[in-house]
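Please open the model in your viewer and keep the sequence beside it, since this tour moves from one selection to the next.

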Amino acid sequence: MASSSHQQGNSHLKFISSSPYSLKIILQDTIQNGKLGIPRKFVKNHGNSMSSPAMLSVPSGAVWKVELTKSDGKIWLENGWLEFSNHYSLDIGHLLVFRYDGNSNFRVIIFDKSASEIQYPYTSNNHSRSSEILKLNINESKDDGSI
């Protein structure tokens with residue numbers, strides 16, 4: 001169960017999730033600029049805990065390393081974003097739901113233009129550390145004789 005905190009504001013107690021969600025609709029400028037802006041309110045609330053690189057995990061288990069660019073109170077997913085975007089064939093109108101797990105780790109769910117979750121392509125060698133983790137787990141299981 002996720003932990004939470006409470007904040008007093010406007011004379012009302014408010015719940016603050018420890019794993020907040022954010023969503024982005026892919027627009028023309030995202031495709032043209034090759035980077036995705038993180039919503040301003042999200043940056044205001046969580047930007048101080050974010051550092052580069054960010055790790056994007058999708059439901060298939062793939063993990064992608066994407067560099068964060070910070071400027072004037074704004075944060076973008078930039079270097080590595082284009083590869084992520086191309087791999088999942090992101091297009092105008094796609095919707096991405098991000099869950100922030102802290103330490104620049106995001107879980108990402110991708111919805112197509114029909115508002116249905118996509119079928120994630122299988123990749124045996126992901127663009128990040130997940131393939132390294134898989135190799136480590138295989139080597140560890142070889143050492144102790146278990147699978």
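Is L27 buried, partly exposed or exposed? Select L27 to begin: because its relative accessibility is 47%, this residue counts as partly exposed, where buried means under 20% relative accessible area, exposed means over 50%, and partly exposed lies in between, with a 1.4 Å probe and protein chains only.

Before going further, note that this is a predicted model, in which local features need pLDDT of at least 70 and side-chain atom pairs count only at pLDDT 80 or more, while totals for chains, interfaces and linings use all residues. Residues are numbered from 1 along each chain as its sequence is written, and side-chain values use heavy atoms, with hydrogens and water left out.

**Around L27**

Keep L27 selected and show the secondary structure, where L27 sits in the loop between strand 3 (21-25) and helix 1 (28-33); helices (H or I, at least four residues) and strands (E, at least two) are DSSP runs, numbered from the N terminus. Now add L23 and I25 to the selection, since these two residues together with L27 make a nonpolar surface patch of about 280 Å². Such patches are made of residues with over 30% relative accessible area and no salt bridge (a side-chain nitrogen of Lys or Arg within 4 Å of a carboxyl oxygen of Asp or Glu), and nonpolar side chains (Val, Leu, Ile, Met, Phe, Trp, Tyr) are joined within 5 Å.

**The whole chain**

Next, zoom out to the chain, which has four helices and ten strands, running from the N terminus as β-β-β-α-β-α-β-β-β-β-α-β-β-α. Of its 147 residues, 34% are buried.

**A three-stranded sheet**

Select strands 4, 8 and 7, which form an open sheet in that order with antiparallel pairing; two strands pair if DSSP finds at least two bridges between them. Strand 4 (36-37) and strand 7 (68-71) stand at the edges with a single partner strand each, so one side of each has no neighbour in the sheet. Strand 4 pairs with strand 8 (residues 74-77) over two bridges, and L36 has L77 in strand 8 as its bridge partner.

**The last stop: P121**

Finally, select P121, in the loop between strand 10 (105-111) and helix 4 (130-143), which is partly exposed with a relative accessible area of 29%. Leaving aside residues up to four places away in sequence, P121 touches S60, H87 and Y88, a contact being heavy atoms within 4.5 Å. Although P121 and S60 are 61 residues apart along the chain, their C-alpha atoms are separated by 7.9 Å.

Terms used:
Patches are made of residues with over 30% relative accessible area and no salt bridge: like charges are joined within 9 Å, nonpolar side chains (Val, Leu, Ile, Met, Phe, Trp, Tyr) within 5 Å. Accessible areas come from the Shrake-Rupley method with a 1.4 Å probe; for residues, only the protein chains shown count as cover.
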